[in-house]
Amino acid sequence: MTPTEGRQLVTLIAPCRNEQGHVDAFCDSALAQQLPPGWRMELLVADGQSDDGTRARLDARAVQDARLRVIDNPGRIVSTGLNAALAAARGVVVVRLDIHTVFAPDYVAECLAALARSGADNVGGPWVARGQGAWGRAIAAAFQCRWVVGGARSRDAAYEGEADTVYLGCWPRAVFARIGGFDEQLVRNQDDEHNLRLRVAGGRIWQSARIRSWYVPRASLTKLFAQQYQYGYWRPFVMRKHGQPGSSRQLVPALFVAALAGGVLLAPWWRGPLALLLASYALYLAGASLAAARQAQDWGLLARLPAVIAAYHLGYGAGTWRGLLDVLLRRRAGERWSRLTR
């Protein structure tokens with residue numbers, strides 16, 4: 001990939017809404033990127049009609065640094081924000097960023113290097129979480145554990161190679177001309193859907209351990225459950241569009257919730273299946289919690305990890321069944337499931 005000097009512009013894009021407490025740290029991290037020689041960058045933040053002072057802070061930062069431009073996102077959700085930024089992007093390469101993520105100074109440089117090295121249509125790094133507070137650290141530990149997330153390569157910080165999906169993403173701009181932007185009907189999972197669409201079209205996705213960033217997850221059980229419920233809720237909408245899930249492991253929480261519900265219904269006449277399921281899951285929770293605490297090197301998390309892991313699975317599984325019901329009944333997504341949770 002050797003664009004002419006005049007076209008060596010990379011566009012960084014990020015959707016944003018009501019992030020006054022995070023937007024300065026994000027801008028500092030994004031604008032401090034150390035690019036390879038000859039490359040320039042622009043940072044486009046799509047503001048979804050923030051009403052907490054975020055827009056004023058972004059506008060002030062844009063006056064201070066001409067590389068930052070603030071784009072209107074009247075749709076107020078991630079997919080419409082990403083598409084608004086894409087429409088205004090001028091770079092030959094597009095890199096997606098996230099307001100709640102801290103980026104290594106060479107993040108963009110390594111994205112460009114991975115594109116050139118792999119020849120892939122989308123590249124990105126592993127999804128690495130760093131939690132804040134006791135619950136946040138437990139949530140991050142579970143997030144990173146392969147026994148909780150089904151061995152997803154996107155959580156493996158050492159993996160380098162072909163992948164189903166990557167965190168955030170970096171694309172030659174021509175990819176969007178070929179397969180389109182992000183599905184604005186999806187409040188969640190628009191990135192997974194876009195990657196699935198890319199793979200169905202014959203594209204390649206590459207994960208590089210050299211692309212480093214650190215995501216800040218939710219910091220309470222209720223917020224984690226709400227997030228996972230929403231992720232699960234939108235999964236059937238992606239499946240309806242493509243006739244397949246992004247990965248079979250995404251169906252496991254729904255199967256577990258179905259088995260749990262079936263055991264509860266049978267319990268008045270036959271308690272065996274429910275007792276066996278609960279005992280098996282309790283053993284799994286104990287083992288997964290030990291694995292997560294050991295990987296995080298923080299044994300103080302053990303008391304919280306079983307509840308955290310259950311919140312991941314029950315939230316996602318219950319959300320998937322609610323989304324499937326709405327898909328089967330051809331109902332529009334309700335307002336409750338169309339609001340972003342943080």
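The side chain of Ser79 reaches the backbone oxygen of Asp183 at 3.4 Å, a polar contact (a pair of N or O atoms within 3.5 Å; within protein, one must be able to donate a hydrogen and the other to accept it, and residues adjacent in sequence count only if both atoms are side-chain atoms). This is a predicted model, in which local features need pLDDT of at least 70, side-chain atom pairs count only at pLDDT 80 or more, and totals for chains, interfaces and linings use all residues. Residues are numbered from 1 along each chain as its sequence is written, and side-chain values use heavy atoms, with hydrogens and water left out.

Ser79 sits in helix α3, residues 78-88. Helices are DSSP runs of H or I with at least four residues, numbered from the N terminus. Asp326 lies in another helix, α12.

Both residues are compared below. Buried means under 20% relative accessible area, with a 1.4 Å probe and protein chains only. Contact means heavy atoms within 4.5 Å; the lists leave out residues up to four places away in sequence.

| Residue | Relative accessibility | Contacts |
|---|---|---|
| Ser79 | 0%, buried | Phe182, Asp183, Glu184, Leu186, Gln190 |
| Asp326 | 2%, buried | Tyr233, Phe237, Arg331 |

Asp183 thus appears among the residues that Ser79 touches. For Asp326, one listed partner is far along the chain: Phe237 is 89 residues apart, yet the two C-alpha atoms are separated by 9.1 Å.

Helix α12 covers residues 305-328, 24 in number. From first C-alpha to last, α12 reaches 35 Å, close to the expected 34 Å. That expected span is 1.5 Å times one less than the number of residues. After α12 comes Arg330, with a positive phi near 55°.

Methods. Helices (H or I, at least four residues) and strands (E, at least two) are DSSP runs, numbered from the N terminus. Buried means under 20% relative accessible area, exposed over 50%, partly exposed in between (1.4 Å probe, protein chains only).
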